[in-house]
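Trainee: I would love a close look at the aromatic residues in this model. Could you walk me through how they sit together and what surrounds them?

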Amino acid sequence: MKRHEALVQLSRDHHFGLLLCWKLKEGLKKEIAVDRMSKYIDLFYLQNLKPHFAEEEETIFKVLGEEHPLIKEAISQHRIMRKMIEDGLKNPEQIENFRALLELHIRTEERQIFPEIEKQATEEQLQAILKLDHPELKEPEYDDIFWK
(Lines give C-alpha, C1' and ligand atoms only; values in the text may rest on other atoms or scores of the structure.)
Protein backbone atom coordinates (compact mmCIF):
# COMPACT_ATOMS: atom_id res chain seq x y z
CA MET A 1 0.00 0.00 0.00
CA LYS A 2 1.41 3.38 -0.98
CA ARG A 3 1.29 5.75 1.99
CA HIS A 4 1.94 9.45 2.18
CA GLU A 5 5.40 9.93 3.62
CA ALA A 6 3.90 11.52 6.75
CA LEU A 7 2.18 8.24 7.65
CA VAL A 8 4.89 5.79 6.60
CA GLN A 9 6.54 5.41 10.02
CA LEU A 10 3.23 4.87 11.80
CA SER A 11 2.31 2.34 9.15
CA ARG A 12 5.64 0.54 9.68
CA ASP A 13 4.94 0.47 13.41
CA HIS A 14 1.77 -1.46 12.63
CA HIS A 15 3.94 -4.26 11.27
CA PHE A 16 5.30 -4.82 14.80
CA GLY A 17 1.77 -4.83 16.20
CA LEU A 18 0.69 -7.46 13.67
CA LEU A 19 3.80 -9.46 14.53
CA LEU A 20 2.71 -9.37 18.18
CA CYS A 21 -0.70 -10.68 17.10
CA TRP A 22 0.98 -13.56 15.24
CA LYS A 23 3.19 -14.40 18.24
CA LEU A 24 0.16 -14.50 20.52
CA LYS A 25 -1.73 -16.67 18.08
CA GLU A 26 1.23 -19.09 18.03
CA GLY A 27 1.48 -19.03 21.82
CA LEU A 28 -2.22 -19.78 22.18
CA LYS A 29 -2.00 -22.57 19.63
CA LYS A 30 0.89 -24.13 21.60
CA GLU A 31 -1.00 -23.64 24.88
CA ILE A 32 1.83 -21.56 26.34
CA ALA A 33 1.30 -20.43 29.95
CA VAL A 34 -0.66 -17.19 30.04
CA ASP A 35 1.79 -15.46 32.38
CA ARG A 36 4.60 -15.95 29.84
CA MET A 37 2.58 -14.31 27.07
CA SER A 38 1.20 -11.65 29.40
CA LYS A 39 4.70 -10.53 30.45
CA TYR A 40 5.61 -10.06 26.79
CA ILE A 41 2.39 -8.15 26.09
CA ASP A 42 3.08 -5.83 29.05
CA LEU A 43 6.62 -5.13 27.81
CA PHE A 44 5.45 -4.63 24.22
CA TYR A 45 2.69 -2.31 25.39
CA LEU A 46 5.03 -0.14 27.46
CA GLN A 47 7.75 0.08 24.81
CA ASN A 48 5.61 0.23 21.68
CA LEU A 49 1.84 0.43 21.88
CA LYS A 50 1.54 3.09 24.60
CA PRO A 51 3.76 5.63 22.79
CA HIS A 52 2.22 4.68 19.42
CA PHE A 53 -1.33 5.23 20.70
CA ALA A 54 -0.32 8.57 22.24
CA GLU A 55 1.34 9.68 19.02
CA GLU A 56 -1.73 8.84 16.95
CA GLU A 57 -4.08 10.61 19.35
CA GLU A 58 -1.88 13.71 19.61
CA THR A 59 -1.11 14.04 15.89
CA ILE A 60 -2.78 12.25 13.00
CA PHE A 61 -6.21 11.69 14.59
CA LYS A 62 -6.52 15.49 14.94
CA VAL A 63 -6.71 15.72 11.13
CA LEU A 64 -10.14 14.07 11.18
CA GLY A 65 -11.13 15.26 14.66
CA GLU A 66 -12.24 13.37 17.75
CA GLU A 67 -15.88 13.43 16.64
CA HIS A 68 -15.19 11.52 13.42
CA PRO A 69 -16.75 8.03 13.82
CA LEU A 70 -13.55 6.20 12.84
CA ILE A 71 -11.47 8.26 15.27
CA LYS A 72 -14.01 7.84 18.08
CA GLU A 73 -13.83 4.07 17.57
CA ALA A 74 -10.02 4.03 17.37
CA ILE A 75 -9.67 6.04 20.60
CA SER A 76 -12.21 3.76 22.26
CA GLN A 77 -10.17 0.74 21.20
CA HIS A 78 -6.99 2.37 22.58
CA ARG A 79 -8.77 2.80 25.93
CA ILE A 80 -10.09 -0.76 25.94
CA MET A 81 -6.63 -2.21 25.22
CA ARG A 82 -5.05 0.07 27.84
CA LYS A 83 -7.62 -1.15 30.41
CA MET A 84 -7.04 -4.79 29.42
CA ILE A 85 -3.32 -4.34 30.08
CA GLU A 86 -3.90 -2.49 33.37
CA ASP A 87 -6.31 -5.17 34.59
CA GLY A 88 -3.92 -7.94 33.51
CA LEU A 89 -4.48 -10.70 31.00
CA LYS A 90 -5.16 -13.75 33.15
CA ASN A 91 -6.46 -16.45 30.83
CA PRO A 92 -6.25 -17.57 27.19
CA GLU A 93 -9.61 -15.96 26.36
CA GLN A 94 -8.40 -12.56 27.53
CA ILE A 95 -5.17 -12.95 25.53
CA GLU A 96 -7.22 -13.88 22.45
CA ASN A 97 -9.59 -10.94 22.98
CA PHE A 98 -6.63 -8.57 23.23
CA ARG A 99 -4.98 -10.11 20.16
CA ALA A 100 -8.17 -9.94 18.09
CA LEU A 101 -8.89 -6.33 19.08
CA LEU A 102 -5.32 -5.23 18.30
CA GLU A 103 -5.43 -6.90 14.89
CA LEU A 104 -8.84 -5.39 14.07
CA HIS A 105 -7.61 -2.00 15.25
CA ILE A 106 -4.48 -2.07 13.08
CA ARG A 107 -6.34 -3.27 10.01
CA THR A 108 -9.00 -0.56 10.45
CA GLU A 109 -6.33 2.12 10.72
CA GLU A 110 -4.50 0.85 7.64
CA ARG A 111 -7.58 0.26 5.48
CA GLN A 112 -9.89 3.06 6.58
CA ILE A 113 -8.37 5.70 8.86
CA PHE A 114 -5.06 6.31 7.09
CA PRO A 115 -6.67 6.57 3.62
CA GLU A 116 -9.24 9.00 5.06
CA ILE A 117 -6.49 11.10 6.64
CA GLU A 118 -4.59 11.13 3.33
CA LYS A 119 -7.76 12.26 1.57
CA GLN A 120 -8.76 15.00 4.02
CA ALA A 121 -5.43 16.36 5.30
CA THR A 122 -4.06 19.53 3.85
CA GLU A 123 -0.50 19.51 2.58
CA GLU A 124 0.40 21.76 5.52
CA GLN A 125 -1.00 19.23 8.00
CA LEU A 126 0.90 16.37 6.34
CA GLN A 127 4.12 18.40 6.32
CA ALA A 128 3.67 19.25 10.01
CA ILE A 129 3.25 15.53 10.81
CA LEU A 130 6.31 14.74 8.73
CA LYS A 131 8.41 17.17 10.78
CA LEU A 132 7.52 15.48 14.08
CA ASP A 133 10.02 13.24 15.80
CA HIS A 134 8.33 9.84 15.50
CA PRO A 135 9.61 7.27 17.99
CA GLU A 136 10.51 4.26 15.89
CA LEU A 137 9.10 1.07 17.33
CA LYS A 138 11.17 -2.07 17.53
CA GLU A 139 11.08 -5.55 18.91
CA PRO A 140 11.54 -5.54 22.69
CA GLU A 141 14.50 -7.49 24.03
CA TYR A 142 12.89 -10.56 25.53
CA ASP A 143 14.51 -13.90 26.34
CA ASP A 144 11.36 -16.07 26.47
CA ILE A 145 10.66 -16.79 22.80
CA PHE A 146 7.38 -18.62 23.53
CA TRP A 147 6.09 -18.39 19.95
CA LYS A 148 8.77 -20.65 18.42
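**A close look at the aromatic rings**

Mentor: Happily, and let me begin with the chain as a whole: among its contacts between residues at least 6 apart in sequence, 82% join residues at least 24 apart. Please keep in mind that this is a predicted model. The chain has 6 helices and 0 strands, so its elements run α-α-α-α-α-α from the N terminus on. For 148 residues, a compact globule would have a radius of gyration near 15 Å, and the 16 Å of this chain agrees with that. Of those 148 residues, 46% count as buried.

Now to the rings. Counting ring centres within 6.5 Å of each other as a pair, we arrive at 6 aromatic pairs. Take tyrosine 40 and phenylalanine 146: their ring centres are 5.9 Å apart and their planes stand at 75°, so this pair is edge-to-face. It joins distant parts of the chain, since tyrosine 40 belongs to helix H2 (residues 34–58) while phenylalanine 146 is in the segment after helix H6 (123–131), 106 residues apart. Tyrosine 40 and phenylalanine 146 are both buried.

These two rings also have company. Ring pairs link Tyr40, Phe44, Tyr142, Phe146 and Trp147 into a cluster. One member of that cluster, tryptophan 147, has a charged visitor: the charged end of lysine 23 sits over its ring, 4.2 Å from the ring centre.

Next, look at the nonpolar interior. The largest nonpolar core has 26 residues, and Leu20, Leu24, Leu49, Phe98 and Leu102 have the most contacts inside it. Helix H1 (5–29), H2, helix H4 (69–87) and helix H5 (92–120) each supply at least two residues of this core. H2, the helix that holds tyrosine 40, gives the largest share of the core, 8 residues.

Another aromatic residue worth finding here is phenylalanine 98. Leaving aside residues up to four places away in sequence, phenylalanine 98 touches Leu20, Leu24, Ile41, Leu49, Met81, Met84, Ile85 and Leu89. Apart from the largest core lies another one, of 16 residues, with Leu7, Leu64, Ile71 and Ala74 among them.

To finish, step back to the outside. The C-alpha atoms fill a box of roughly 50 × 30 × 25 Å along the principal axes. The accessible surface of the chain comes to about 8,300 Å², and 51% of it belongs to carbon and sulfur atoms.

Methods: Residues are numbered from 1 along each chain as its sequence is written. This is a predicted model: local features need pLDDT of at least 70, side-chain atom pairs count only at pLDDT 80 or more; totals for chains, interfaces and linings use all residues. Side-chain values use heavy atoms; hydrogens and water are left out. Rings of Phe, Tyr and Trp (its six-membered ring) pair if their centres lie within 6.5 Å; planes under 30 degrees apart count as stacked, over 60 as edge-to-face and the rest as tilted. Helices (H or I, at least four residues) and strands (E, at least two) are DSSP runs, numbered from the N terminus. Buried means under 20% relative accessible area, exposed over 50%, partly exposed in between (1.4 Å probe, protein chains only). A charge sits over a ring if NZ of Lys or CZ of Arg is within 6 Å of the ring centre and within 35 degrees of the ring normal. A nonpolar core is a set of buried Ala, Val, Leu, Ile, Met, Phe, Trp, Tyr and Cys residues joined through side-chain atoms within 4.5 Å. Contact means heavy atoms within 4.5 Å. The radius of gyration is taken over C-alpha atoms; the globule rule is 2.2 Å times the number of residues to the power 0.38. Accessible areas come from the Shrake-Rupley method with a 1.4 Å probe; for residues, only the protein chains shown count as cover.
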